[in-house]
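Me: Please take a close look at one part of this structure and tell me what lies around it. After that, go on to other parts of the model and explain your reasoning as you go.

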Amino acid sequence: MAAGVAAWLPFARAAAIGWMPVANCPMPLAPADKNKRQDELIILNVSGRRFQTWRTTLERYPDTLLGSTEKEFFFNEDTKEYFFDRDPEVFRCVLNFYRTGKLHYPRYECISAYDDELAFYGILPEIIGDCCYEEYKDRKRENAERLMDDNDSENNQESLPSLSFRQTMWRAFENPHTSTLALVFYYVTGFFIAVSVITNVVETVPCGTVPGNKELPCGERYAVAFFCLDTACVMIFTVEYLLRLFAAPSRYRFIRSVMSIIDVVAIMPYYIGLVMTNNEDVSGAFVTLRVFRVFRIFKFSRHSQGLRILGYTLKSCASELGFLLFSLTMAIIIFATVMFYAEKGSSASKFTSIPASFWYTIVTMTTLGYGDMVPKTIAGKIFGSICSLSGVLVIALPVPVIVSNFSRIYHQNQRADKRRAQKKARLARIRVAKTGSSNAYLHSKRNGLLNEALELTGSPEDEHLTKTTSLIESQHHHLLHCLEKTTNHEFIDEQMFEQNCMESSMQNYPSTRSPSLSSHPGLTTSCCSRRSKKTTHLPNSNLPATRLRSMQELSTIHIQGSEQPSLTTSRSSLNLKADDGLRPNCKGSQITTAIISIPTPPALTPEGESRPPPSSPGSTTNIPPIGSNIVKVSAL
Amino acid sequence: MSGCRKRCKREILKFAQYLLRLLTGSLHPDSVEDEMEMATVRHRPEALELLEAQSKFTKKELQILYRGFKNECPSGVVNEETFKEIYSQFFPQGDSTTYAHFLFNAFDTDHNGSVSFEDFVMGLSILLRGTVQEKLNWAFNLYDINKDGYITKEEMLDIMKAIYDMMGKCTYPVLKEDAPRQHVETFFQKMDKNKDGVVTIDEFIESCQKDENIMRSMQLFENVI
C-alpha cells in the first residue's frame, strides 16, 4: 500500500461506518494503538547538514533503514540526533521519497554512487518514479555495458586455456582478431568469395569467336578452368560451413540464422548441378539455379560491418518501404487504367491492356522515359503529363522522409523496446504491490489462525513469532475484515478460489433429506452460525470466527429447524466457555454449529488441503438426535 | 426553393475559398491554440480556530489531518477521480469505484463536485466524534442516493452492489448473483416497520437503535485519529 495513502487510512476507516447498519453480523474489534506517541520531530544529521522531519513521515516505510529500528544504531545520545556519515545531496532525494512517496533520480548524480546510497538506506531502486525511471535505467545500462566492455578487454588480453577446442574455434570465427589463425582464415575466405564472384561475372563475357560467327562466352571456352575454380571455391565454402556448424554453441539456432542460410544457398547450386545429369529438360532449371550463385556476394556481409548495418536498417524501415511500395502500386494502377482507356481509341496503340500500361506508368513516374510506349491521343498526352508530374511527387517525397525516418526509427525502435519492457516491469510491479497487500492480509489471517490453533491445542511453547505488522497494516487488515463481515464473504487468493470452484462443481452434497443450504428458506449463510459462536466468547471474539473459516478443516454446519436451543449439547469440546444464551435472530430458525474436526497441528502448511476431517474424540457424540431436519453441509 | 439556392451558393463559395487556399498553400492557418488555462483550483481552508470550534477535533488532531490531506492533494481539494483512486488503494481485490462515488457524494455536502478540507473535517467529525444519532443520520444520508428522505429498494440495491463489488471475485463462499438482493431483503425486513417499501429516517434510526450489534459497531472507530 502506498504510504502516502496511509494518511487516508483514518478516513477510509471512518467511512466504514457506512457499512454498519447494513451488516448483519457484529464487527471485529479494532486493533488498539498501544503506544500512541505524540508526533515528534526527528533531527537527521547527514555529514553536518541537518534535516528535520516528523517521526511518522519516516515510519511510513517500515522496511527501510530510516523507518525501522535500524536507525537507532545511528542515534547520538549527546546531541540527541541521528548521525549518518553519508552524502547529503543524495540524502535529499531519499528524504523526499519519505515525504512524497516518489523516489527521484537526480541527473547530475553518478549512477553507482546513487545505487550505493539506496542500498545503504534499504530502498529498492525499482520504486523510482516514472518521471525518472527511464533516465535511471539508461544510465544503469550504460554503466553495465561499460563494465562489460572493461571485462571483455581484460579477457581478450589474457589467454584462457580453459576454453574447449570447440569454443576457441567459435570465438575465432566470430572475432577474427583473437588469433592469427583466425585472421588468416578470415582473409582466405574473403579472397575466395571475391574470386568466386569475379568468376561468375567473367564467365559470361564473350571472348573470342568460333567459326560460324558465333560469339562464345568465356565460360564455355575455358569450361574446365572455370569448373576447377568453381569447385575450389565451393569446397572452401563447404569446409567453412561445416566448421562453423561444428563450432556453434547452439546448432539449431545457427542453422536458422540468416548467414547460414546464405551459405547454404551459395553452395547448393553446385551440388545440385553435380547430381543432375546433363539432361535437356532440366538444364533450363539448372541454368536458373546458377543465378543463386550470386548470393555468394552476401557472404561479404560477415566481413563488412556496413553491410550488416544496412541490412538491419532496411529491416527496421520495412514498414516505411512497404508503404512506399503500396502507394506506388496504387498510383500505377490508377494511371495505367486511365492511360489505357484514354489510348483505347487510337490505332496501333501500344497500350494493348492495362498490365501493358503498367510498364509505361512505371517508366514515366520514375522519370525514366524510355520512349518505347508513348501516348498519341490528346487525352492520353494530358494524362501522361499528369502522370509524370505526380510520379515526381510520389517518388521524391518519401525518399527523404525515409532517410530521415532512418535515424529516427532506429533510435525510436530502441527506445520503444525499452519503454515496452519498462511498462511490463511497471505493470508487474503494480500488480505485485497489489497482490502483496492482499496477500499480506490473507497471510496475517492465516497467521492469526495458526496462533489460535496453537493456543487451543495447548502448546504454548510452540508459540512462534508472527511477523510483526505495523499499526497501519493491522488497521488496514481490520478494515478489510469489517468488509468481510458486512458481506458475509471472505477474501481468498486465486488458487484457493479456483480450487473451490472445481470442488463445488463436482461436489455432491451429502445431505440426506433436506435441500442444499442456499435454497433453505429464511436461512442466512453461515454468518449467523459464526455469530452464535461469537457471542459466547469474550473480547477476543476474533478467534472462533476465524477458526471456523479455516481452510484446514472441514467444518460441518448443523442446521436445526427446531425451536429448542440445544446449544450445550451440540457444541464442540473446543469451546470451553459456557454460552450465554444464543439469541435466535435469524428469522426464528436456530442455527447451531459443531466443529467436528480438530484443527490440524501447526506443522502442516496452512494451504487448504481438503482432507477428510479426523473425528474428534467425543465431540461428535454430543449432537442430539433431535428429529427435525438436520442438514449437513460441508463447508468446503 | 430560394433557401436551397442560397445554400448552394454558400457551399460553392466555401468550396472556392477552399480551392484558393489549397492553391496558395495556406490551407492550415496558424490555429491559435487558445490554451485554456487549466483551472487550477487553489483552496485555502478556514482558520484553525474556526475549524476547531465547528468540529469536535482538537487543534493537534486538525493539524495532523490537514498535513495528511495537503500531502495527498496539494491544491486543497479532492475531486472525484482522486477520491476513487485513493479509495481503491485500500481494496485491491475488488472494484471500489461505485462505492467511492457514493461516499464522495456523502462527503460533498454542498454538491460542488469537490471535497474541500472543511467538508472532509466535518464528515470525519461526525463519523468519529459524533453522537450515535448523528452517525446514523450520516449513514442514512449515504444510503439515500437522491437525498429525498427515503431509502428505496433500488437505492439500497445500488449501495449493496457497490459494497459487494469491493469484495472482488475471489471470495469464499463464492459470490452469487443475487447475494446483494438477498441482503437488501434482509435489510428491509429489519428496517421497514410499516412495510411500505421505503425506509424513512425515523424508521431507520429506531431500528438501528434496537439492534445491539449495530450500536456496538458504531463505536468501533472511536480511536482512529
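Reply: **Contacts around one residue**

Apart from neighbours within four places in sequence, B:Ile159 is in contact with B:Phe102, B:Leu142, B:Tyr143 and B:Ile145. The model is a predicted one. B:Ile159 belongs to helix α8 of chain B. Residues count as buried when their relative accessible area is under 20%; B:Ile159 has a value of 0%, so B:Ile159 is buried. Sequence distance and spatial distance can be set side by side here: B:Ile159 and B:Tyr99 are 60 residues apart in sequence, while their C-alpha atoms are 7.0 Å apart in space.

The next step is the helix that holds this residue. Helix α8 (residues 153-165) of chain B packs with helix α9 (residues 179-191) of chain B, at an angle of about 130° and with the axes 9 Å apart. Angles from 65 to 115 degrees count as roughly perpendicular and angles over 145 as roughly antiparallel. The angle of about 130° falls in neither class, and α8(B) and α9(B) are therefore oblique to each other. Their crossing is right-handed.

Which residues make this contact between α8(B) and α9(B)? From α8(B) come B:Lys153, B:Met156, B:Leu157, B:Met160, B:Lys161 and B:Tyr164. From α9(B) come B:Ala179, B:Pro180, B:Arg181, B:His183, B:Val184, B:Glu185, B:Phe187 and B:Phe188. By type, the contact of α8(B) with α9(B) has nine nonpolar residues, one polar and four charged. It helps to recall that an α-helix has 3.6 residues a turn, so residues three or four places apart point the same way.

Helix α9 of chain B also meets another helix. The buried residues of α10(B) pack against α9, and also against α7 (132-143), β5 (199-200) and α11 (212-218) of chain B. In α10 (residues 201-210) of chain B, the buried residues are B:Glu203, B:Phe204, B:Ile205, B:Ser207 and B:Cys208.

Now to chain A, for a look at charged pairs. Chain A has 21 helices and nine strands, and of its 636 residues, 39% are buried. Among contacts in chain A with a separation of 6 or more, 68% are between residues 24 or more positions apart.

Side chains of opposite charge can pair when their charged atoms come close. Over all chains, 24 salt bridges are found. One of them joins A:Glu89 and A:Arg49, with the closest N and O atoms 2.9 Å apart. A:Glu89 is in helix α3 (residues 88-100) and A:Arg49 in strand β2 (residues 49-54) of chain A, so this pair ties together parts 40 residues apart in sequence. A:Glu89 is partly exposed, at 32% relative accessible area, and A:Arg49 is partly exposed as well, at 34%.

A:Lys299 and A:Glu240 form another salt bridge, with the closest N and O atoms 3.7 Å apart. A:Lys299 sits in the loop between α12 (280-291) and α13 (305-316) of chain A, and A:Glu240 in helix α9 (residues 223-247) of chain A, 59 residues away. A:Lys299 is buried, with a relative accessible area of 2%, and A:Glu240 is buried at 3%.

A:Lys299 also has a salt bridge with A:Asp263, at 2.6 Å from N to O. A:Asp263 lies in helix α11 (residues 258-275) of chain A, 36 residues from A:Lys299. Both A:Lys299 and A:Asp263 are buried. Through shared partners, salt bridges join A:Glu240, A:Arg244, A:Asp263, A:Lys299 and A:Arg302 into one network.

Technical notes: Residues numbered from 1 in each chain as written. Chains lettered and ligands numbered in written order. Predicted model: local features only at pLDDT ≥ 70, side-chain atom pairs only at ≥ 80, totals over all residues. Heavy atoms only, no water. Axes fitted to C-alpha atoms, helices over the stretch in contact; angles between N-to-C directions. Helix = DSSP H or I, 4+ residues; strand = E, 2+ residues; numbered from the N terminus. Parallel < 35°, antiparallel > 145°, perpendicular 65-115°, else oblique. Left-handed = near helix turned anticlockwise from the far one by under 90°. Contact = heavy atoms within 4.5 Å. Nonpolar A, V, L, I, M, F, W, Y, C, P; charged D, E, K, R; others polar. Salt bridge = Lys/Arg side-chain N within 4 Å of Asp/Glu carboxyl O. Buried < 20%, exposed > 50% of the residue type's maximum accessible area, 1.4 Å probe, protein only.
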